[in-house]
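Please open the structure in your viewer and keep the sequence panel beside it. The tour moves from one selection to the next, and each stop says what to pick and what is there.

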Amino acid sequence: NRRIVLASRPVGAPTSDNFRLETLAKPEPKQGEVLLRTIYLSLDPYMRGRMSDAKSYAEPVALGEVMIGGTVCQVEVSNHPDFAVGEWVLAYNVGWQSYAVSGAEGLLKLGANPSHPSYALGVMGMPGFTAYMGLLDIGAPKAGETIVVAAATGPVGATVGQIGKLKGARVVGIAGGADKCRHAVEVLGFDACIDHKSANFAAELAAACPDGIDVYFENVGGAVFDAVIPLLNTNARIPVCGLISQYNATELPAGPDRLSLLMGLILTKRIKVQGFIIFDDYGHRYGEFEQDMSQWLAEGKIQYREQIEQGLENAPEQLIGLLEGKNFGKLVIQVNQP
Ligand code: NDP
């Protein structure tokens, strides 16, 4: 059994020294337990937060503990009457390791032969659910309105934009680089996508939003939000989902304090800004998402791109890259072959 533990807490961007690969004996399940073989490990931006011991909505990973993460596993040995050998499950108690023992609690059954098992980590799982609830419940877009979303080719952003199109909105993506922007328009069907690395980013975003912005789905913060602020319409809604440009920051950005300017704008334009933590706030509504999203996928209305990398040992480097925008699509590590 191989596992990756948190060796030290990062200051700024994580480095490979913050992780340690360990090899142990394969664990043995007791009565009422199963041995899970990890097939896919999800890498997600929130993992940076769990590496830090700053106070947050969730407990940090302890030093020496296995890194947290969602996994799609197969049952290799079953000592539990409800689980058959070979069956697929979604687990949040396995994390960055190739095998783990689990009780039945916390395992979500995915069936004997799911057509796309890894989708449970992305479009049919936590990121897709985040996009669905944040956009529809907080953003509440109306047909003809303009939605802007950054990290536009990632699992959250890509889903936000496509649901926005299904609801009749004009959707403008923001992504890092020409390939990602082309993908957002040509494959995901966004109306436009602007490269945040462009020297004229703010002007290009303004040109792509001639009627202003009604819903800004906040994934990144920082310079992107700066460019969005002057374009916000009266009664705009801002679901605050993530602030990835700040996750590695060790201090506040340089420059004048613009908080009072922003608060003034929120007041005079009656802008709604609302943060959310997906399972804490919306866990009880998972069924609605599951029903709509399976139907949209079956009808070909939602496109989904994954980046599947091989080998547990490569997870640290891939997570470090994710925080710098190196991934293109939902980042997944293939830990074992099915
Ligand atoms: P992605 O796969 O989209 O990966 C993150 C992307 O963020 C990168 O690929 C990069 O895309 C972009 N990015 C990184 N740094 C910057 C930067 N400095 N400026 C602008 N963009 C940057 O991630 P997810 O779709 O999984 O997650 C998107 C957001 O949603 C994250 O902020 C995450 O924390 C949040 N989230 C929140 C949840 C909640 O419950 N509130 C639940 C799930 C996710 P590019 O190259 O295009 O810039």
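**A buried threonine and its helix**

Begin by selecting Thr130, which is buried, with a relative accessible area of 6%. The model on screen is a predicted one, and in it Thr130 has its place in helix 2, residues 126-139. If you display contacts while leaving out residues up to four places away in sequence, Thr130 touches Leu135, Val156, Phe217, Cys241, Phe276 and Ile278. Now select the whole of helix 2, which lies across strand 8 (146-150), strand 11 (213-217), strand 12 and strand 13, running at about 145° to strand 11.

**The aromatic neighbours**

Stay in helix 2 and add Phe129 together with Phe289, which form a tilted aromatic pair, 5.4 Å centre to centre with 40° between the planes, and which belong to the structure's 12 aromatic pairs. This pair links distant parts of the chain, since Phe129 is in helix 2 and Phe289 is in helix 9 (residues 286-298), 160 residues apart. Both Phe129 and Phe289 are buried. Extending the selection to Tyr132, Phe279, Tyr286 and Trp296 brings up one aromatic cluster, of which Phe129 and Phe289 are also members.

**The open sheet**

Next, show the strands as a cartoon and look for the open sheet of six strands, whose order is 10-9-8-11-12-13, with parallel pairing. Which strands stand at the edges? They are strand 10 (192-195) and strand 13, each with a single partner strand, so one side of each is left without a neighbour in the sheet. Neighbouring strands of this sheet are turned by 15° against each other on average, direction ignored.

At one edge, select strand 12 (residues 232-240) and strand 13 (residues 272-275), which run parallel and are joined by four bridges. Ile238 has Val273 in strand 13 as its bridge partner. Adding helix 7 (residues 259-268) completes a right-handed β-α-β unit with strand 12 and strand 13.

At the other edge, select strand 9 (residues 170-175) with strand 10, a parallel pair that is likewise joined by four bridges. Here Ile174 stands opposite Ile194 in strand 10.

Within strand 9, pick Val171, which is buried, with a relative accessible area of 0%. Apart from residues up to four places away in sequence, Val171 touches Ile147, Gly161, Gly164, Lys165, Phe190, Asp191 and Ala192. A distance label from Val171 to Gly189, C-alpha to C-alpha, should read 8.6 Å, although the two are 18 residues apart in sequence. Then bring in helix 3 (residues 155-166), which lies across strand 8, strand 9 and strand 11 and runs at about 170° to strand 8.

**An enclosed helix**

Move on to helix 10 (residues 315-322), where seven of the eight residues are buried, so this helix is largely enclosed by the rest of the structure. The buried residues to colour are Ala315, Pro316, Gln318, Leu319, Ile320, Gly321 and Leu322. They pack against strand 1 (2-6), strand 2 (19-23), strand 3 (34-42), helix 1 (46-50), strand 14 (306-310) and strand 15 (330-334).

**Charges over rings**

For the last stop, display the side chains of Lys26 and Tyr99, where Lys26 lies over the face of the ring at 4.4 Å from its centre. Then select Lys109 with Phe83, where the charged end of Lys109 sits over the ring of Phe83, 4.4 Å from the centre of that ring.

Definitions and conventions:
Residues numbered from 1 in each chain as written. Predicted model: local features only at pLDDT ≥ 70, side-chain atom pairs only at ≥ 80, totals over all residues. Heavy atoms only, no water. Pairing = 2+ DSSP bridges. Helix = DSSP H or I, 4+ residues; strand = E, 2+ residues; numbered from the N terminus. Right-handed = clockwise from strand over helix to strand, strands pointing away. Buried < 20%, exposed > 50% of the residue type's maximum accessible area, 1.4 Å probe, protein only. Contact = heavy atoms within 4.5 Å. Phe/Tyr/Trp six-rings, centres within 6.5 Å; stacked < 30°, edge-to-face > 60°. Lys NZ or Arg CZ within 6 Å of the ring centre and 35° of its normal. Axes fitted to C-alpha atoms, helices over the stretch in contact; angles between N-to-C directions.
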